[in-house]
Every structure is written in structure tokens, then in C-alpha cells.
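Could you take me around this structure, one selection at a time? I have the viewer open and would like to know what to pick next and what is there.

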Amino acid sequence: MKLFLELIKIRLKINFHYKWSFILCLLYDPLILIVQISVLKTIYTYNETNNVLGYSIMQMIWYFAGAKLCNYLIWSYPDQ
């Protein structure tokens with residue numbers, strides 16, 4: 001766990017070093033999440049069900065939001 005926290009600290013330092021990339025990520029990532037939520041709502045509406053493969057839409061939204069948060073904390077867009 002300590003290694004994970006150190007990795008997060010390093011990535012945040014890198015992100016803050018490249019301010020414009022950091023700002024673009026803050027604008028870009030929520031748009032991706034909105035598109036994913038829209039696709040999920042379409043899938044659940046099309047199937048006319050509350051569960052797809054045993055997962056509710058709220059579980060899927062929390063999963064994608066959590067995955068995006070973890071990705072943001074450990075992945076650095078300036079490195080690409």
C-alpha cells in the first residue's frame with residue numbers, strides 16, 4: 001500500500017508540473033465518463049432490465065468512475 005501511495009504522489013507531481021496537460025485532463029476525463037454513462041443507460045434501456053450480467057446500472061457507473069479515478073491517480077498523460 002505504501003508503494004501505491006508513493007506512486008500516486010509521484011504522478012501528482014508530474015501532473016502539476018505540466019499544468020496545461022493537467023487542466024486538459026480535468027476537462028477531458030469527465031466527458032469520457034459522461035459518454036460511458038450514456039452508453040450504459042442505452043444498454044440497460046435497450047435490454048429493458050435492471051441487471052445486465054448481474055450488475056445494476058449504479059454498480060457499473062461506480063465501477064467506471066472508480067476506474068477513471070484510479071487511472072487518473074496513477075497514469076500521467078504528459079508521459080504519452
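Start by selecting E48, which is exposed, with a relative accessible area of 74%. Exposed here means over 50%, so E48 falls in that class. To place E48 in the chain, look at the loop between α2 (19–47) and β1 (51–52). The backbone has a feature to show you here as well: phi of E48 is near 50°, a positive value in a residue that is not glycine. Please keep in mind throughout that this is a predicted model.

**Next stop: L53**

Move along to the loop between β1 and β2 and select L53. What is the phi of L53 near? It is near 55°, again a positive value in a residue other than glycine. L53 is exposed, and its relative accessible area is 80%.

**Step back to the whole chain**

Now zoom out and colour by secondary structure. You should be able to pick out three helices and two strands. Following the sequence from its start, they come in the order α-α-β-β-α.

With the full C-alpha trace in view, turn the chain around: along its principal axes it spans about 45 × 30 × 15 Å. The radius of gyration is 16 Å, whereas a compact globule of 80 residues would have one near 12 Å. If you colour by accessibility, buried residues account for 20% of the 80 residues in the chain.

Colouring by confidence is worth a moment too. The average pLDDT of the chain is 81, and 90% of the residues score at least 70. Where is confidence lowest, and where is it highest? The lowest mean, 78, belongs to helix α1 (residues 2–17), while strand β2 (residues 55–56) has the highest, at 90. As a general caution, predicted coordinates should not be read in detail where pLDDT is low.

**Helix α1: a charged pair**

Select E6 and K9 and show their side chains. These two form a salt bridge, with their closest N and O atoms 3.3 Å apart. A search of the whole structure finds one salt bridge. In general, side chains of opposite charge can pair when their charged atoms come close.

Why can these two residues meet within one helix? E6 and K9 are three residues apart in α1, so about one helical turn separates them. Residues three or four places apart on an α-helix point the same way, because such a helix has 3.6 residues a turn.

How open are the two partners? E6 is partly exposed, with a relative accessible area of 35%. K9 is also classed as partly exposed, at 46%.

While you are in helix α1, add I10 to the selection. I10 is partly exposed, with a relative accessible area of 47%.

**Across to helix α3**

From I10, draw a distance to K68: the C-alpha atoms are 18 Å apart in space, and the two residues are 58 apart in sequence. K68 is one of the buried residues of α3, so this is a good moment to select that helix (residues 57–74).

Helix α3 has 18 residues and reaches 26 Å from its first C-alpha to its last, close to the 26 Å expected at 1.5 Å a residue. Which of its residues are buried? They are M60, I61, K68 and Y72. Look down the axis of α3 and you will see these buried residues fall within an arc of 105°, so they line one face of the helix.

Now rotate to the other side of α3, where W62 and Y63 are exposed. The relative accessible area of W62 is 63%. Try a distance from W62 to T45: their C-alpha atoms are separated by 18 Å, and the residues lie 17 apart along the chain.

**Last stop: an aromatic pair**

To finish, show the side chains of Y63 and F64. The structure has one aromatic pair. Its rings, those of Y63 and F64, have centres 5.5 Å apart and planes at 75°, so the pair is edge-to-face. The cut-off behind that name is an angle of over 60 degrees between the planes.

Are the two rings' residues buried or exposed, or somewhere in between? Y63 counts as exposed, at 54% relative accessibility, and F64 as partly exposed, at 24%.

How values were computed
Residues are numbered from 1 along each chain as its sequence is written. Side-chain values use heavy atoms; hydrogens and water are left out. pLDDT is the predictor's confidence in each residue, from 0 to 100. Helices (H or I, at least four residues) and strands (E, at least two) are DSSP runs, numbered from the N terminus. A salt bridge is a side-chain nitrogen of Lys or Arg within 4 Å of a carboxyl oxygen of Asp or Glu. Buried means under 20% relative accessible area, exposed over 50%, partly exposed in between (1.4 Å probe, protein chains only). Rings of Phe, Tyr and Trp (its six-membered ring) pair if their centres lie within 6.5 Å; planes under 30 degrees apart count as stacked, over 60 as edge-to-face and the rest as tilted. The expected span of a helix is 1.5 Å times one less than its number of residues. The arc is that of the directions from the helix axis to the C-beta atoms. The radius of gyration is taken over C-alpha atoms; the globule rule is 2.2 Å times the number of residues to the power 0.38.
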